[in-house]
Amino acid sequence: MRLATWNVNSIRARVDRIVDFAVREHIDVLAMQEIKCKTDQFPFDRFEEAGFHVAAYGFSQWNGVAIASREPLTNVRTAFPGMPGFEKGHNGPDAPQEARAMGATVGGVEVWSLYVPNGRSLGDPHYYYKLDWLSALQQYTTESLAANPDLALALVGDFNIAPTDADNGDPAVVPGFSTHVSPPEREAFAAFETAGLQDVVRPLIPTGYTYWDYKRLKFPRNEGMRIDFILGSHALADAVTGATIHRDERKGELPSDHVPVVVDLDLEGPDDDDRPMIF
DNA sequence: ATGTCAGAGTTCCTCTGA
């Protein structure tokens, strides 16, 4: 299985290049974030013509997540248990949930397409919403893997966190003043490792960014950030055979400000090697 | 220079979010 994640920054603005990419790169499962449309505005037909099933979820011009898959998606969910909401500048137990998470099972893998809240600025209500949201996701992950330690679980998407200083090449993002690099955000990211997940791309691609702001020639200057990740449980991580960050997708006409991150998975597992050969 | 985008409403500009 070839699994990809991409913050597309509006599916309608660039559906051509997204479907072209999925077909050209033989993507089996494409998790998308920031589709920026309502569910019924999603260009389902364009994906279906190319041979994909799609589940999409959005209810305003902001946020929105989707998963396209060669195989049918089952157990589609539009929130993880305990997912906090946000409304009118404040978070809290009564605030409505946003369209930031979609879970589905495909090919034996539980995949979550995630658009972690941006945080806006340190101390902003949105920043605490971000931390709460990550905490609830970590709790869900911990409980899922406690109940089923061999679950093939993939949390993929735009985490809006640069976990190390090497992941931040944008001089406008300053430790102590900016979101994405603050210790609480980095601790929230590291907590997924405690929960039993690992970044399955970094061992194969130690450096490089996945996002470059549109402003101020950030891409030509390579002042980007690594904020898009594929985190996997041990059952998923054991199956990884390759990874690619498609930096070229930041080039050309109408690019998203993020590029796709892809992993190849051999989910047949070691049992294949034990199977007797029959001639 | 917060120098770019995308979407929607207050529409052929201004606002919000990123």
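**Reading a protein model beside DNA strand B**

Biologist: I see that Glu-34 sits in the loop between S2 and H2. Is the phi of Glu-34 positive or negative, and about how many degrees is it?

Modeller: Before we start, keep in mind that this is a predicted model. As a general idea, most residues other than glycine have a negative phi. Here, Glu-34 has a positive phi of about 55 degrees, although it is not a glycine. With a relative accessibility of 13%, Glu-34 also counts as buried.

Biologist: What is the phi of Asn-160 near, and where in the chain is Asn-160 found?

Modeller: Asn-160 has a positive phi as well, near 50 degrees, and is a residue other than glycine. Its place is the loop between S10 and helix H4 (183-194). Asn-160 is buried, at 4% relative accessibility. There is another positive phi at His-26, near 55 degrees, in a residue that follows H1.

Biologist: Let's turn to that helix. Which residues of helix H1 are buried, and what covers them?

Modeller: To read a helix this way, look for the residues that face away from solvent, then see what packs over them. For helix H1 (residues 15-24), the buried residues are Val-15, Arg-17, Ile-18, Val-19, Phe-21 and Ala-22. Their cover includes strand S1 (2-7), strand S2 (29-33), helix H2 (44-49) and strand S14 (261-265).

Biologist: An arginine is in that list. With which residue does Arg-17 form a salt bridge?

Modeller: The partner of Arg-17 is Glu-249, and the closest N and O atoms of this salt bridge are 3.2 Å apart. The pair links distant parts of the chain: Arg-17 belongs to helix H1, Glu-249 to the loop between strand S13 (240-245) and S14, and 232 residues separate them. Arg-17 counts as buried because its relative accessible area is 17%, under the 20% limit. Glu-249 is buried too, at 9% relative accessibility.

Biologist: How many salt bridges does the structure hold?

Modeller: There are 14 salt bridges. One of them pairs Glu-25 with Arg-24, with the closest N and O atoms 4.0 Å apart; Arg-24 is partly exposed, at 46% relative accessibility. Another joins Arg-202 to Asp-199 at 3.8 Å. In that pair Arg-202 is partly exposed, with a relative accessible area of 22%, whereas Asp-199 is buried at 15%. Through shared partners, salt bridges also connect Arg-17, Arg-24, Glu-25 and Glu-249 into one network.

Biologist: Now the inside of the protein. How many residues does the largest nonpolar core have, and which have the most contacts inside it?

Modeller: The general idea is that nonpolar side chains tend to be buried together in soluble globular proteins. In this structure the largest nonpolar core has 32 residues, and Leu-3, Val-201 and Ile-230 have the most contacts inside it. Among the elements that each supply at least two residues of this core are S2, strand S4 (65-69), strand S8 (101-106) and helix H5 (234-237). To see how one member is placed, follow Leu-3: beyond its neighbours within four places in sequence, its contacts include Val-29, Val-111, Ala-154, Ile-230 and Val-263. A second, separate core has 28 residues, including Leu-114, Trp-133, Tyr-140 and Phe-159.

Biologist: Which residues is Leu-145 in contact with, leaving aside its neighbours within four places in sequence?

Modeller: Those contacts are Leu-151, Leu-153, Ala-195, Gly-196, Leu-197 and Ser-233. Leu-145 itself is part of helix H3 (residues 125-147) and is buried, with a relative accessible area of 9%. Sequence and space can be compared here as well: Leu-145 and His-234 are 89 residues apart in sequence, and their C-alpha atoms are 9.9 Å apart.

Biologist: Last, the DNA. Which residues come nearest to DNA strand B?

Modeller: Begin with the list of residues, then ask what part of the strand they meet. Around DNA strand B there are 15 residues, of which Ser-10, Trp-62, Arg-120, Tyr-214 and Arg-216 come nearest. By class, the surface near the strand has seven charged, four polar and four nonpolar residues. Of the strand's atoms within 4 Å of the protein, 70% belong to sugar or phosphate, and the rest to bases.

Biologist: How many Å from a phosphate oxygen does a polar side-chain atom of Arg-120 lie?

Modeller: For Arg-120 the distance is 2.8 Å, and a polar side-chain atom of Arg-14 lies 3.4 Å from a phosphate oxygen of DNA strand B. Tyr-214 uses its backbone instead: an N or O atom there lies 3.2 Å from a sugar or linking oxygen of the strand.

Key
Residues numbered from 1 in each chain as written. Chains lettered and ligands numbered in written order. Predicted model: local features only at pLDDT ≥ 70, side-chain atom pairs only at ≥ 80, totals over all residues. Heavy atoms only, no water. Near = heavy atom within 4 Å. Polar contact = N/O pair within 3.5 Å; in protein donor to acceptor, adjacent residues only side chain to side chain. Nonpolar A, V, L, I, M, F, W, Y, C, P; charged D, E, K, R; others polar. Buried < 20%, exposed > 50% of the residue type's maximum accessible area, 1.4 Å probe, protein only. Helix = DSSP H or I, 4+ residues; strand = E, 2+ residues; numbered from the N terminus. Contact = heavy atoms within 4.5 Å. Salt bridge = Lys/Arg side-chain N within 4 Å of Asp/Glu carboxyl O. Core = buried A, V, L, I, M, F, W, Y, C linked by side-chain atoms within 4.5 Å.
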